[in-house]
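Reader: Please take a close look at one part of this model for me, starting from a single charged pair. I would enjoy following the thread from there into the surroundings.

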Amino acid sequence: MMRIAIVGAGIVGLAAAHALLDTGHQVTLIDPGNNPQRPTDGNAGWIADMDVMPLASPKAWRNLPRWMMDPLGPLTIRPSYLPALTPWLVRFVLASSPGRIKSSIAAIRSINAQALPAWRARLSSLGLDQHLREKGILSVWRDRNHFLQAQDIIDRQKDFGIPLEVLGPRELADLEPALHHVEAGVLYSASCHVSDPALLASDLLRLAIGRGATGVEGKALAIRPTDDAVHVHTDAAMRIVAADRVLICAGVWSRQLAKQLGDDVPLDTERGYNATYAKGAFGLNRPVMFEGEGFVASTLDTGDRVGGAVEFAGTQAPPNHERTSAMITRLKRFLPHLDTGQPAKRWMGFRPSIPDSLPVIGEASRDKRVLYAFGHAHHGLTQAAITSRLVAELVDGSPATIDLKPFSAQRF
């Protein structure tokens, strides 16, 4: 048995806590709590195992000029943040080469192929199967030409054996009568979503504490290895947590901690926005990706949520909910019955994003007793359970379920 300190109690940290408790380790979760911007609570709730493309892909570059022309569109950079973001953007361009895209696709598929089986096993082991909603996920296009341009992605998914069904307007109308102005769609019948990401995280935390994990409410300020332990210095009454292993999975806030350990990871935040309406307001039966529009709709147990968009503005700038309003306006083109005057809960959160769309999973440069699991961007929920298995394998020295080289912090 080892003492494991986990820095960050978001969805990745919580899944890792259970994986490490499974193997008999003593777990301490270090998290400041009360962080309304953490993506664990406000995401779309998808286990998007069908995704294979990195953000730096031809699909994104095709849409980029149109998106950037609209200050409230799917992607924007606040001018004041551009100097700080420039190194990230340079790496994003480099990650867009054909060879790099091919490598990223292979790595994304290797981890996403294990995502749903890992979640099924985790939820079953904890008696939380009731959180899984197996209704499939639907992608739709309102322009058939744009659908045809996406054929290369669909073909890749078929090659990977991902179950999918291409639908025309008539089939779409039968499947989702509430949808209007769509010309083509793809149904991923085997993909899933969860009841509500915040409810799932709450249950995982409750059960982790019930299984013996300890919680420390505080922010990790520094990681300092010594000969006999790794010390996590926190702002919780200046408490220091001594551990045999430390796992850093604090989302966008992981960057500075990793830098202390010799790894300058190009991690930034894609600020995402959403609005949650009353349950049933959208009239949809399953989650929907509106291709080329930069947003998705989710049918959660706690309400219908429209979310998405990417804004680069760092962690200090206040939210710009004009972006949320613009997203709702675009959604109404597809769901004209939606009453946009009814109250909606609005949210903005920080997706931890790396230019090649691959998380960092592995060991720190300066001390192999410190492990990383952060930077999952849009796939934090999707990849949390399989990431936790990979972390447990690293801690115990077991053979890795997948090749971790593409996810190393030392790849930069």
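Which residue's side chain meets that of D367 in a salt bridge?

Author: Happy to! The partner of D367 is R369, with 2.7 Å from N to O. A salt bridge here is a side-chain nitrogen of Lys or Arg within 4 Å of a carboxyl oxygen of Asp or Glu. D367 counts as buried, at 12% relative accessibility; buried stands for under 20% relative accessible area, exposed for over 50%, and partly exposed for what lies in between (1.4 Å probe, protein chains only).

A word on the ground rules before we go on. This is a predicted model, where local features need pLDDT of at least 70 and side-chain atom pairs count only at pLDDT 80 or more, while totals for chains, interfaces and linings use all residues. Residues are numbered from 1 along each chain as its sequence is written, and side-chain values use heavy atoms, leaving out hydrogens and water.

Let us move along the chain to H376, in the loop between β21 (370-374) and α13 (380-396). Helices (H or I, at least four residues) and strands (E, at least two) are DSSP runs, numbered from the N terminus. H376 is buried, with a relative accessible area of 5%. Leaving out residues up to four places away in sequence, H376 touches V12, P352, P359, I361, Q383 and T387; contact means heavy atoms within 4.5 Å.

Helix α13 comes next. Its 17 residues should span 24 Å, and its end C-alpha atoms are 23 Å apart, which agrees; the expected span is 1.5 Å times one less than the number of residues. The helix bends by about 35° at I386, where the bend is the angle between axes fitted to the seven residues ending at a residue and the seven starting there. Cover is plentiful, since 14 of the 17 residues of α13 are buried. Just after α13, G397 takes a positive phi of about 70°.

From α13 we can step across to helix α1. The C-alpha atoms of L21 and A392 are separated by 9.3 Å, although their positions lie 371 residues apart along the chain. L21 has its place in α1 and is buried, with a relative accessible area of 11%. Beyond its neighbours within four places in sequence, L21 is in contact with V27, A208, R211 and A213. One of these, R211, also belongs to a network of salt bridges with D22 and R122.

Helix α1 leads on to the largest nonpolar core, to which α1 (residues 11-22) gives the most, with nine residues. A nonpolar core is a set of buried Ala, Val, Leu, Ile, Met, Phe, Trp, Tyr and Cys residues joined through side-chain atoms within 4.5 Å. This one has 51 residues, and I6 and W119 touch the most other members. The contacts of I6, neighbours within four places aside, include G13, A16, A17 and L20, as well as L247 and C249. Another core lies apart from this one, with 28 residues that include V140, Y277, V288 and M348. In soluble globular proteins, nonpolar side chains tend to be buried together.

Back among the charges, the whole structure holds 16 salt bridges. In one of them, R3 and D244 meet with 3.2 Å from N to O. R3 lies in strand β1 (residues 3-7) and D244 in the loop between β13 (240-243) and β14 (245-248), so this pair ties together parts 241 residues apart in sequence. Both ends are partly exposed: R3 has a relative accessible area of 29%, and D244 has 22%.

One last helix is worth a visit. Helix α4 (residues 82-94) has 13 residues and reaches 18 Å, close to the 18 Å expected. A kink of about 30° is centred on W88. The buried residues of α4 are L85, W88 and F92. An α-helix has 3.6 residues a turn, so residues three or four places apart point the same way. W88 and F92 also join F312 in one aromatic cluster; rings of Phe, Tyr and Trp (its six-membered ring) pair if their centres lie within 6.5 Å, and planes under 30 degrees apart count as stacked, over 60 as edge-to-face and the rest as tilted.
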